[in-house]
Amino acid sequence: IGYVIPADVVRAFLGRISVDEEVGTCTYTLSPSIPYRWHSLENTSLRMAHNVPKGVHGILIVDAASAIVKGALQKGDVLTKIDGTQLADDGQLTLRGQELIQHNYLLRGKQLNEPTVFSVYRDGKHLSNDGPNDPPCVLKDLPYICPRWADVDHQPDYLILGALVLVPMSLNLMSSKHAGKRLVATCKDWCLKWQEEESDETTKNDSNDNSSKKSGWGDKEELVVLTDIFAHELSFSYSRPWRRVVSYNGTSIRSLCHLKDIWLQSCKKSDHDTNAASPPTPTTTKIETPQNCTNILDDNNKKTQLKEEQQPIPSFARIELEHDDDIIFEVSRAVAAQRDIMETHQIAKPWRICGKNPKYK
């Protein structure tokens, strides 16, 4: 079986590899992402609604990553050309005579730091970003909030919190048979958001259209999902895995590492409250006469009350799940259960969080 790879694809791949001979490592720069979302302009009513003349051909821009295209593309533009190559109304372009190919090919095959010129039809004018005040765009890989490739843009991270198993959401997990339709739909909606925040100008222009507003990822770095619940007395009656974790004790979750940090803070606080409680004052047994029985009862009541006051107030971990009821653990019991679970299942560490893969950028 033979397989032919075009020479320009090989050249683009090799051009994205940087070698550090001193350290003896290589780094690969990921190929650029398509910095916009589009719709074909084959429908006559759609062309009329956007005032596209018959002589103008291209695709309709429905959303754009403003941090990359920097005004070269805007919502409602008609993208007519890429680097001077004409686009058809269905998004295809002509390659080598009569061969047709989708226009994504022109962007995916870009060399490292190669500029891109977009020609658009906007408000009755033909515009291009090839001037001194509007330079060409340099495209790059745009990360998804749900990573795409195992061991490339994400590692097999996990966190054990009491009896819960939590992991970052990825496209691989979305394709699992255990992921419900509601969870998959939520993650797909997040994947449609660009990472950067929307500019103040855009927010102001879209203030009357709530459906068009997007706040990007906000302060989120990834989505955290509860995938499994270990069988333990701590987790009795809790049976709702494969849910997205929204917050912990009212604090919105930014990432798995963020959840780990605030969980450890709860553990330290619970341990501190337990140690801060003073031990009960030792007492000596003494025989009393019947006349002093009333005084003895009063003293015992005071000691009991003092002992109750010295008991630490239990702290709780409330894990809020999207589209489901909360899960609540008493922290000290959760810590003890976590130790039992790790010993029973021979789990070496309560978490594994690797961060970004240094081999790719």
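Leaving aside its neighbours within four places in sequence, Leu-256 is in contact with nine residues that include Asp-157, Tyr-158 and Leu-159, then Leu-166, Val-167 and Pro-168, and also Glu-222, Val-224 and Ile-353. This is a predicted model, and in it Leu-256 belongs to helix H8, which covers residues 256–276. With a relative accessible area of 1%, Leu-256 is buried, since the term applies to anything under 20%. Its C-alpha atom is separated by 9.8 Å from that of Val-245, a residue eleven places away along the chain.

Helix H6, residues 181–191, shows how burial can be distributed around a helix axis. Its buried residues are Leu-183, Val-184, Thr-186, Cys-187, Trp-190 and Cys-191, and because they cover an arc of only 160° around the axis, they lie on the same side of H6. An α-helix has 3.6 residues a turn, so residues three or four places apart point the same way. The cover over the buried residues of H6 includes strand S3 (36–40), helix H5 (171–174), strand S15 (224–229) and strand S16 (243–248), whereas Lys-181, Arg-182 and Lys-188 are exposed on the other side of the helix.

Towards the start of the chain, the surface carries a nonpolar patch formed by Tyr-3, Ile-5, Val-9, Val-10, Phe-13, Leu-14, Ile-17 and Val-19, which together have about 790 Å² of accessible area. Helix H1 (7–15) and strand S1 (17–20) are the elements that give two or more residues to this patch, and the largest share, four residues, comes from H1. Val-9, found in helix H1, has a relative accessible area of 41% and is therefore partly exposed.

Methods: Residues are numbered from 1 along each chain as its sequence is written. This is a predicted model: local features need pLDDT of at least 70, side-chain atom pairs count only at pLDDT 80 or more; totals for chains, interfaces and linings use all residues. Side-chain values use heavy atoms; hydrogens and water are left out. Patches are made of residues with over 30% relative accessible area and no salt bridge: like charges are joined within 9 Å, nonpolar side chains (Val, Leu, Ile, Met, Phe, Trp, Tyr) within 5 Å. Accessible areas come from the Shrake-Rupley method with a 1.4 Å probe; for residues, only the protein chains shown count as cover. A salt bridge is a side-chain nitrogen of Lys or Arg within 4 Å of a carboxyl oxygen of Asp or Glu. Buried means under 20% relative accessible area, exposed over 50%, partly exposed in between (1.4 Å probe, protein chains only). Contact means heavy atoms within 4.5 Å. The arc is that of the directions from the helix axis to the C-beta atoms.
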